[in-house]
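Here is a walk through one structure, taken a piece at a time. Keep the sequence and the model side by side as you read.

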Amino acid sequence: MTPVEAWTAVVAGEDAAVYAYSVAGGRVRGSAQQRALAGLEVHRSNRSRAASLVTASGGTPPPAAPAYELPEEVGVPREAKALMAEVDNALVAVYADAAAASTGEDRRWAARVAADSAVRAVGWGAPTQAFPTAEPSAQ
Amino acid sequence: MPQRVVDVESSTIPSHQTRSAAFTRRDGLLALALLGPAGLLAACTGTSEPGPDATTEPSTAPVVEQGVATEEAELIALYDAAIAALADSPPDVVGVLTDLRDQHAAHRDALGGSTAEPTAPSAPGTVAAVIDGLIDAEREASRARIRSCTDADDPELARLLVFVGASEASHVPALRDLRP
């Protein structure tokens with residue numbers, strides 16, 4: 001995978017995460033909502049940095065889709081948390097690809113963001129995994 | 001995960017070289033269009049191989065890999081000592097610790113295994129102290145993986161270390177939940 005391909009996948013993944021957090025964040029309350037809003041900001045900021053890396057690698061960042069098809073119902077808080085956990089766990093693999101395709105500070109950033117994503121997923125109730133990945137049926 | 005049109009059925013996750021495990025992930029999300037057309041996935045395997053002519057210095061990957069596998073063996077020993085010290089705790093505490101221990105064993109094996117048989121220092125007396133010791137060890141392990149990942153001269157080893165470091169970082173909130 002070239003750096004442009006890898007960072008483009010990160011941009012697309014973060015766009016999906018921003019959408020998911022926007023929807024799910026409206027379905028939780030209290031401290032969970034605060035965490036969802038903080039996560040939303042993190043995903044926006046990561047999207048922005050990844051987009052600049054696409055540009056720096058000679059590519060053009062893809063636009064976000066206007067909407068995404070959610071994999072399941074997101075009506076009650078439990079479902080909302082499961083969605084955010086799934087998005088965060090799925091991002092680990094996307095950042096792992098980016099780490100493999102990059103070097104130095106960019107790779108360090110990808111590895112750090114992957115770790116933060118896995119931490120958020122467990123915070124939302126996902127089980128810990130030896131190789132964190134989205135596991136829709138595990139919730 | 002939110003889906004955007006295409007559903008890529010599965011893609012390969014870590015697996016350094018072709019070693020033991022080929023982990024598959026199926027699911028929507030990012031498998032989604034993010035990874036794009038199948039050709040793009042196929043490209044993963046080919047492009048980053050250093051050619052035989054590209055040798056300037058021998059790769060440090062085997063050394064890094066062995067070092068991390070040994071650190072994983074040390075973490076396993078730490079968990080074994082903790083599990084022994086907390087044997088009288090509620091079963092769910094021991095169950096979580098056993099799961100986390102087993103995940104380190106999966107890390108060790110994915111890194112090619114280790115023959116080291118480290119002995120962990122005896123675990124401290126209280127549950128809180130045992131858990132705090134494990135939290136510190138996981139934090140340090142995750143930071144060390146990110147450092148090794150950054151320095152790795154083999155992209156596939158770097159990819160594997162991202163997963164291992166992310167797993168270890170995610171052990172911290174799971175351990176925090178066990179604190180009395």
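**From a loop to a helix contact**

G26(A) counts as exposed, because it has 12 C-beta neighbours inside 10 Å. The cut-off for exposed is 12 or fewer. Bear in mind that this is a predicted model. Where does G26(A) lie? Look in the loop between α1 (3-25) and α2 (30-56) of chain A. Now find L37(A), which is 11 residues apart from G26(A) along the chain. The C-alpha atoms of the two are separated by 9.2 Å.

Turn next to chain B. Its secondary structure comes to five helices and two strands. Read from the N terminus, the order is β-β-α-α-α-α-α. Chain B has 180 residues, and 42% of them are buried. How do its contacts spread along the sequence? Take the contacts between residues at least 6 apart in sequence. Of these, 71% join residues at least 24 apart.

One helix of chain B deserves a slower look. Helix α3(B) covers residues 91-110, which gives 20 residues. From its first C-alpha to its last, α3(B) reaches 28 Å. That is close to the 28 Å expected at 1.5 Å a residue. Which residues of α3(B) are buried? They are V93(B), L97(B), L100(B), Q103(B), H104(B), H107(B), R108(B) and A110(B). These buried residues pack against two other helices of chain B, α2 (61-85) and α5 (155-176). Just after α3(B) comes G112(B), with a positive phi of about 100°.

Finally, look at where the two chains meet through a pair of helices. Helix α4(A) spans residues 104-123, and helix α4(B) spans residues 127-151. Their axes come within 9 Å. They cross at roughly 150°. Angles over 145 degrees count as roughly antiparallel, and α4(A) and α4(B) are therefore roughly antiparallel to each other. The crossing in which α4(A) passes α4(B) is right-handed.

Which residues make this contact? From α4(A) come R107(A), R108(A), A111(A), R112(A) and A115(A). From α4(B) come S142(B), I146(B), C149(B) and T150(B). By character, the residues of the contact of α4(A) with α4(B) divide into four nonpolar, two polar and three charged.

Terms used. Residues are numbered from 1 along each chain as its sequence is written. Chains are lettered from A and ligands numbered from 1 in the order in which they are written. This is a predicted model: local features need pLDDT of at least 70, side-chain atom pairs count only at pLDDT 80 or more; totals for chains, interfaces and linings use all residues. Axes are lines fitted to C-alpha atoms, for helices over the stretch in contact, and angles run from 0 to 180 degrees between N-to-C directions. Helices (H or I, at least four residues) and strands (E, at least two) are DSSP runs, numbered from the N terminus. Angles under 35 degrees count as roughly parallel, over 145 as roughly antiparallel, 65 to 115 as roughly perpendicular and the rest as oblique. A crossing is left-handed if the near helix is turned anticlockwise from the far one by less than a right angle, and right-handed if clockwise. Two residues are in contact if their C-beta atoms, placed from the backbone, lie within 7 Å. Ala, Val, Leu, Ile, Met, Phe, Trp, Tyr, Cys and Pro count as nonpolar, Asp, Glu, Lys and Arg as charged, and the others, Gly among them, as polar. A residue is buried if 20 or more other C-beta atoms lie within 10 Å of its own, exposed if 12 or fewer, and partly exposed in between; C-beta atoms are placed from the backbone. The expected span of a helix is 1.5 Å times one less than its number of residues.
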